[in-house]
Amino acid sequence: MKLTVIGTGYVGLVTGACLAEMGNAVTCVDVDEQKIARLREGILPIYEPGLETIVTENQKQGRLRFATSLADPGAEAPVYMIAVGTPPGEDGSADLQYVLAVARDIGRRISQYTVVLDKSTVPVGTAERVAGVIRGELQQRGLSVDFDVVSNPEFLKEGDAVQDFMRPDRIIIGSDSERAREVLRELYAPFMRTHERIIFMGVRDAEMTKYAANSMLATKISFMNEIAGLCDRMGVDVENVRLGIGSDSRIGYSFIYPGAGYGGSCFPKDVRALIQMARQTGFEPMLLNAVEARNHAQQRVLYQKILQHFGPQLAGRSFGLWGLSFKPGTDDMREAPSTVLLRDLIASGARVKAYDPAALEVARRDLPRTWFESGQLQLVEQQYDALKGADALVLITEWKPFRHPDFTLVKTLMKSPIVFDGRNQYDPAQLRGLGFTHIGIGRGGEAIT
Ligand code: UDX
């Protein structure tokens, strides 16, 4: 099948490349000329395991091409996928200007039956707005062309994006049009493997499904973070509680890890956008408000624990930070808890040496200049270099190389053997046995009894 994907961000690029890999002829369009020039050379704007090979190989085979505009002669296709960004506006609601601009562009070009897919995470009602814009453009051109706008949200995770796309749990297709459903049944047939994985529903239902899925996962995490806060104060080890409740198949083990709060480009943004959507209907989303508030507080929990341990005077203290990306397996630092901690530590006069297996370049580019210029933040290329002379080690992202470090070496390097374990990676008893003070999340360490 021939298709055109607009937007070469995470979703667009992975979608385009994986659909080409399945034998389709795909054009990926992005207005960023530099990005397109680099993609043509096989240089990717994101760090994603397996993606570079797919992009390079499919370009070589002629199944994947890149263009800077829908006006590109090869970009005309019976299926368009909109995968441009929906950044949060000032009030947290999704800004649809890029989506609607693409809709306008599509409306100016199509001349035969076309399926337009919304792949971006967009508020309920967006497909109808996109259809309205396309219809308006067609009217201006004096044309009557059939088209369908379908909601087809993407559920891939960063770091597992190719695998998630190729082996989806489900594919959500929001459309009442049998004609569009038929086109998409054919497009996604190669991904069905053992059984049918497409769930058809109404277009608004599909739009809500994406927000509900991400908000549900964010809720699980915030719930566990709240329980961890209680465990800390009541002499309970949340790790045992996690195992105890996860064994209930109705609860399950996934997404119940307490930590330093969720981050990334999706959960925080989508929870806030759903809150805004609810408010616009006059409905106060009490639970979502709490999920958001808990996460806000959770991103500062390590700092609170540091203050509790060292007292309010952090000037002259030095911390070794392991992890900068919002989760392992990516260089993405958007809404990363590490940034919140760095801001607090630096504001209170502390010095930080930070290491991350993938995000150093992004950190160097995106973190405030002043943090580096003041000498308070130093990025190091080797994980143990972060610990030299440190008053404490703070683990904030659970990258694999941090899981079983050489603690004897760690202890020799540090000024004092204190570990703030922001992802409960270490066994408190084992660390205590090695002479460390271990402070985790919800390990019962702040018990008043
Ligand atoms: C998420 C959704 O999983 C994906 O389906 C959607 O398409 C986009 O948003 P992603 O942002 O890549 O994907 O990250 P994910 O792996 O889901 O983790 C999100 C955040 O939750 C991370 O900060 C992670 O550290 C945190 N998390 C996750 C926890 O704190 N505890 C957990 O138990 C699980």
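Start by selecting helix H12, residues 301–310, where Val301, Leu302, Tyr303, Lys305 and Ile306 are buried (20 or more other C-beta atoms within 10 Å of the residue's own, with 12 or fewer counting as exposed, values in between as partly exposed, and C-beta atoms placed from the backbone). Helices (H or I, at least four residues) and strands (E, at least two) are DSSP runs, numbered from the N terminus. The model is predicted, so local features need pLDDT of at least 70 and side-chain atom pairs pLDDT 80 or more, while totals for chains, interfaces and linings use all residues. Residue numbers run from 1 along each chain as its sequence is written.

Next, show what the buried residues of H12 pack against: helices H11 (286–298) and H13 (337–347), and strands S12 (392–395), S13 (418–421) and S14 (437–439). Then step to Gly311, just after H12, which has a positive phi of about 85°.

Now go to the ligand. Around the ligand are 19 residues, of which Glu158, Tyr257, Tyr262, Gly264 and Cys266 come nearest. Colour the shell by type: eleven residues are nonpolar, four polar and four charged. Helix H8 (residues 203–234) gives the largest share of this shell, three residues. Colour by domain as well: domain 1 (2–201) and domain 2 (202–449) both contribute residues to the shell, so the shell lies between them.

Finally, select Pro73, in the loop between strands S3 (64–67) and S4 (79–82). Pro73 counts as exposed because it has 6 C-beta neighbours inside 10 Å. Draw a C-alpha to C-alpha distance from Pro73 to His195: the two are 38 Å apart in space and 122 residues apart in sequence.

Terms used:
Contact = placed C-beta atoms within 7 Å. Near = placed C-beta within 6 Å. Nonpolar A, V, L, I, M, F, W, Y, C, P; charged D, E, K, R; others polar. Domains from an automatic or database assignment.
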